[in-house]
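Student: Could you take one helix of this model and go through it closely, with the cut-offs behind each term?

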Protein chains: 2
Amino acid sequence: MTQNQAKKISKSDRTRAHILEAARLLFAERGYDGASIRDVAAHASIDPAMVIRYFRSKDELFARAAIVDLHLPELRMIDRAAIGETLIRRFLEIWEGPASGPGMTILLRSAMSNDYAAEKLREVFASQVRPVVAAVGDPADAGRRAGLVSSQLLGLAMCRYLLRLPPVVALSHDEIIRNVGPALQRYVTEEDLS
Amino acid sequence: MTQNQAKKISKSDRTRAHILEAARLLFAERGYDGASIRDVAAHASIDPAMVIRYFRSKDELFARAAIVDLHLPELRMIDRAAIGETLIRRFLEIWEGPASGPGMTILLRSAMSNDYAAEKLREVFASQVRPVVAAVGDPADAGRRAGLVSSQLLGLAMCRYLLRLPPVVALSHDEIIRNVGPALQRYVTEEDLS
DNA sequence: TGCATTTGTCAACAGGTGTTGGCATATGAA
DNA sequence: TTCATATGCCAACACCTGTTGACAAATGCA
């Protein structure tokens with residue numbers, strides 16, 4: 001190894017990271033089918049064969065590129081009346097914040113036509129969204145409430161970031177918070193919705 | 001011609017319809033990329049070359065398959081307080097009603113990764129959704145309101161019919177009407193949302 | 001009947017795909 | 001230096017794609 005074993009950032013690790021970065025960019029922009037291994041390789045300035053050598057297949061590369069952690073806040077810790085606003089603010093950070101990665105774009109863009117991406121997105125819902133909603137209310141209701149919240153937020157993401165529907169793109173952050181926040185609040189906390 | 005000219009349902013018209021039907025089915029199930037011309041031809045029990053002869057290219061076939069008419073009701077004619085419920089009921093008819101075609105599924109499934117489908121979907125919004133909302137309120141607000149309504153309804157369609165998120169699939173029609181209806185109502189009629 | 005048009009099949013093209021194995025080079029330890 | 005290993009490129013594979021043109025069968029009018 002170069003230097004001592006502590007510095008494990010070998011050359012291969014760096015190219016591996018380059019490939020993954022290029023893959024995330026292209027999967028986000030064009031979806032699973034639209035981004036070919038040759039495209040990814042060209043973006044990473046490397047031979048297509050290397051992409052396969054580092055990640056055994058295109059599927060495995062996509063799996064690595066599509067890992068998502070939403071970092072949703074614990075809703076129990078905040079004022080119950082502020083849940084909707086909290087969620088929509090976190091939504092904007094995930095999609096437009098300084099630390100926002102293309103993870104959700106990758107998943108959402110491909111989930112409509114790729115079974116693996118769809119399954120991955122359902123997993124994100126089950127393991128990251130649903131539990132957060134379940135923590136602030138009747139757990140028996142959690143699925144429905146989390147599902148309604150997700151339908152609104154995924155729909156907003158779709159219209160604003162993928163479909164780029166002009167009036168939805170034009171919404172300011174404040175407008176989104178004021179308009180969508182209350183809708184989420186209602187889905188999470190409203191009592192009498194069988 | 002067979003018989004007289006009045007009967008224009010020639011054999012070619014019938015196979016043309018068969019091809020289009022197969023195309024609509026497969027585009028809806030697998031999206032633009034996932035449905036190959038050979039697949040469509042096999043489903044229509046005909047040679048792939050005929051698909052091209054009847055529709056000059058795959059793009060043109062998709063264009064024919066992706067024509068959508070939502071038949072949205074004129075909201076001016078109904079009670080202003082019932083707009084949300086009216087919209088969500090129409091939504092359920094479009095996606096699950098007896099006369100529901102795969103039109104919107106075709107468009108929505110491909111719009112995330114196909115530019116033409118995305119543009120077509122934006123056109124449906126601009127020509128069919130936005131005007132309906134504009135008819136019941138300040139036209140200056142119509143874009144934003146129609147955009148918010150669309151984000152919720154497209155998100156719901158995505159989660160229920162394409163992504164098949166279990167808790168959203170499990171919702172009954174009544175639950176959808178009671179939960180989503182008020183959210184739509186608010187988007188369309190709420191006054192003080194800059 | 002003959003004949004022109006319609007309707008269809010077949011084979012092939014040119015290009016793109018994921019993936020593989022062989023070979024070159026560079027690297028770093030001995 | 002010497003040599004094993006890590007890293008990379010190249011060419012090719014088998015397959016799938018949309019699309020085309022040549023040819024065959026069916027059809028319907030004269």
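Tutor: What follows is a close look at helix H7 of chain B, and then at some salt bridges.

The model is predicted, so local features are given only where pLDDT is at least 70 and side-chain atom pairs only at pLDDT 80 or more, whereas totals for chains, interfaces and linings use all residues. Residues are numbered from 1 along each chain as its sequence is written, chains are lettered from A and ligands numbered from 1 in the order in which they are written, and side-chain values use heavy atoms, with hydrogens and water left out.

Helices here are DSSP runs of H or I with at least four residues, numbered from the N terminus, and H7(B) covers residues 115-134. The expected span of a helix is 1.5 Å times one less than its number of residues; for the 20 residues of H7(B) that gives 28 Å, which agrees with the 27 Å between its end C-alpha atoms. H7(B) nevertheless has a kink of about 30°, centred on B:Phe125, where the bend at a residue is the angle between axes fitted to the seven residues ending there and the seven starting there. At the start of H7(B), a side-chain oxygen of B:Asn114 comes within 3.0 Å of the backbone nitrogen of B:Tyr116.

B:Phe125 is also one of the buried residues of H7(B), which include B:Ala117, B:Leu121, B:Val129 and B:Val133; buried means under 20% relative accessible area, exposed over 50%, and partly exposed in between, with a 1.4 Å probe and protein chains only. These buried residues pack against helices H4 (58-65), H6 (103-111) and H8 (139-162) of chain B, and against helix H9 (166-169) of chain A, a contact being heavy atoms within 4.5 Å.

Within H7(B), B:Lys120 forms a salt bridge with B:Glu123, their closest N and O atoms being 3.6 Å apart, where a salt bridge is a side-chain nitrogen of Lys or Arg within 4 Å of a carboxyl oxygen of Asp or Glu. The two residues are three apart in the helix, about one turn; B:Lys120 is partly exposed at 23% relative accessible area, and B:Glu123 is partly exposed at 37%.

Over all chains, a search of the whole structure finds 22 salt bridges. Among them is the pair B:Glu93 and B:Arg90, with closest N and O atoms 2.9 Å apart; B:Glu93 is partly exposed at 45%, while B:Arg90 is buried at 17%. Salt bridges also link A:Asp141, A:Arg144, A:Arg145 and B:Glu175 in a network.

Methods: Polar contact = N/O pair within 3.5 Å; in protein donor to acceptor, adjacent residues only side chain to side chain.
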